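Biologist: I should like to go through this structure term by term. For each label, please set the value against its definition and then conclude.

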Amino acid sequence: MVWSIGNEAEASYTNLKLWDAINDIAKMIHETDPNHPTTTTLASSNVNHIKNIIEKAPHIDILSVNTYAPNLPGVLGNLQSAGWTKPYMITEFGPRGTWQMNPEPERILPWGGLVEQTSSEKEAVYLKAYQENIAANKDNGCLGSFVFLWGYQTHGEVLTWYGLFDKKGYTFPAVDAMQYAWTGSYPKNRAPVIATRNDMLMNGKKAEDVIIVSPNSSNEAKVTATDPDGDALTYDWMIMKEKTASSDGSLPDGITGLIDDNTQKDITFKAPSTVGNYRLIVFVRDVKNKKVASAVIPFSVQ
């Protein structure tokens, strides 16, 4: 449909000859395949980078921008400030990036662990982003968008931050939101709801409360979830060490032997014996319809 020349290349290169090279490739594509347009994908809507493309890469037909919740509203203004008059696409969008947490300091814990939104909180972010900053800009040159990440996230600083599917292939609430955004109708069956971070507690505390426990200590956790369709729900808890997501998705299945019964909505568990930082994750599933909700509490063993 479209030839994309480079993904976030400007994030790795500062030499302005980058744009000359991209333009040469785009020119070659136009000569070889005149039936399909060209694009290049930026890591942000930096005005200077857009100006460089205008000046040095006129054979780029469509601009692509990867951007996340805090910066998405500013994309159109940056394009206009730079003088971009051709169409554009939002080629990645999603919740606040893990690298963008400083404006929300309460979500950065003392050991560096990040407080994650529940799947229902993310659902609202995806829908708002699409409706207010993508669909709303159709007449301003926005051709459309790609959700990040449409699938199961197999690597990253935090395993469950972006993916719209779990490891079993069940869909999170954000998939329902995108179906509504794209079609005007929600699916007949909706994903379970964990409304806010107040609905998952460990030892009576929520994720932002800086939970520190002793090695091998006894702990408890509970989650409050509902299903919009009244379907029966199952529960699946796991504990994983911080930043242990693997590149092939084989991990994590969680640290075994800690949780007494991980299939209940209220659980008791033993803290790991090794000092370190961990994440307690719950998946709440509507097994009948392959829907899932999730919530996470980071905690530290000291």
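Biologist: What percentage of the 302 residues in the protein chain is buried?

Modeller: The model is a predicted one, and buried residues make up 51% of the 302 residues in its protein chain. A residue enters that count if its relative accessible area is under 20%.

Biologist: Which helices and strands does the chain contain, by number, and what are its dimensions?

Modeller: The protein chain has five helices and 12 strands. Its C-alpha trace spans about 65 × 45 × 30 Å along the principal axes. Among contacts between residues at least 6 apart in sequence, 69% join residues at least 24 apart.

Biologist: Why is K290 called exposed?

Modeller: The cut-off for exposed is over 50%. K290 has a relative accessibility of 52%, and therefore counts as exposed. K290 is found in the loop between β11 (276-286) and β12 (291-301). Its phi is positive, at about 55°, although K290 is not a glycine.

Biologist: Why is N216 called partly exposed?

Modeller: Partly exposed covers the range between the buried limit of 20% and the exposed limit of 50%. The relative accessible area of N216 is 42%, so N216 is partly exposed. N216 lies in the loop between β7 (211-213) and β8 (218-223). Phi of N216 is near 65°, a positive value in a residue other than glycine.

Biologist: What makes β1 and β5 edge strands?

Modeller: An open sheet of five strands has the order β1-β2-β3-β4-β5, with parallel pairing. β1 (3-7) and β5 each pair on one side only, and are its edge strands. From one strand to the next, the twist averages 20°.

Biologist: How do you know that β3 and β4 pair?

Modeller: Pairing requires at least two bridges between the strands. Strand β3 (residues 62-66) and β4 have four bridges, in the parallel sense, so the criterion of at least two is met. S64 stands opposite M89 in β4. Helix α3 (residues 75-82) lies across β3 and β4, and runs at about 140° to β4.

Biologist: What makes β8 and β10 a pair?

Modeller: The requirement is again at least two bridges. β8 and β10 have five bridges, in the antiparallel sense, and therefore count as paired. K222 has D266 as its bridge partner in β10. The open sheet here has three strands in the order β6-β8-β10, with antiparallel pairing. Its edge strands, β6 (200-202) and β10 (266-270), each pair on one side only. The twist in this sheet averages 15° from one strand to the next.

Biologist: Which residues of α5 are buried, and what covers them?

Modeller: The buried residues of α5 are P173, A174, V175, D176, A177, M178 and A181. What covers them includes β4 (88-93), α4, β5 and β12. Just after α5, G184 takes a positive phi of about 85°.

Biologist: What makes an enclosed space a cavity, and how many of 30 Å³ or more does the structure hold?

Modeller: A cavity is a space where a 1.4 Å probe fits but cannot get out. The structure holds one cavity of 30 Å³ or more. About 60 Å³ of space lies in the largest cavity. Its lining residues include S119, K122, Y126, Y162, P173 and S294. α4 (119-133) and α5 are the elements that give two or more residues to this lining, and the largest share, three residues, comes from α4. By class, the lining has six nonpolar, four polar and one charged residues.

Biologist: Which residues line the second largest pocket, and what is its volume?

Modeller: The second largest pocket has a volume of about 200 Å³. Among the residues that line it are Y68, E92, W99, F148, L149, H155, E157 and Y162. The lining divides into six nonpolar, four polar and two charged residues.

Biologist: What is the peptide bond from F148 to L149, cis or trans?

Modeller: The bond from F148 to L149 is cis, with omega near 10°. L149 lies in the loop between β5 (142-147) and α5 (173-183). Both F148 and L149 are in the lining of the second largest pocket.

Notes. Residues are numbered from 1 along each chain as its sequence is written. This is a predicted model: local features need pLDDT of at least 70, side-chain atom pairs count only at pLDDT 80 or more; totals for chains, interfaces and linings use all residues. Side-chain values use heavy atoms; hydrogens and water are left out. Buried means under 20% relative accessible area, exposed over 50%, partly exposed in between (1.4 Å probe, protein chains only). On a 1 Å grid over the protein atoms alone, a cavity is a set of points where a 1.4 Å probe fits but cannot get out, and a pocket is an open set with protein on both sides within 12 Å along at least five of seven lines; lining residues have an atom within 4 Å of a point. Grid points are joined across faces, edges and corners, and a volume is the space filled by probe spheres set on the points. Ala, Val, Leu, Ile, Met, Phe, Trp, Tyr, Cys and Pro count as nonpolar, Asp, Glu, Lys and Arg as charged, and the others, Gly among them, as polar. Axes are lines fitted to C-alpha atoms, for helices over the stretch in contact, and angles run from 0 to 180 degrees between N-to-C directions. Contact means heavy atoms within 4.5 Å.
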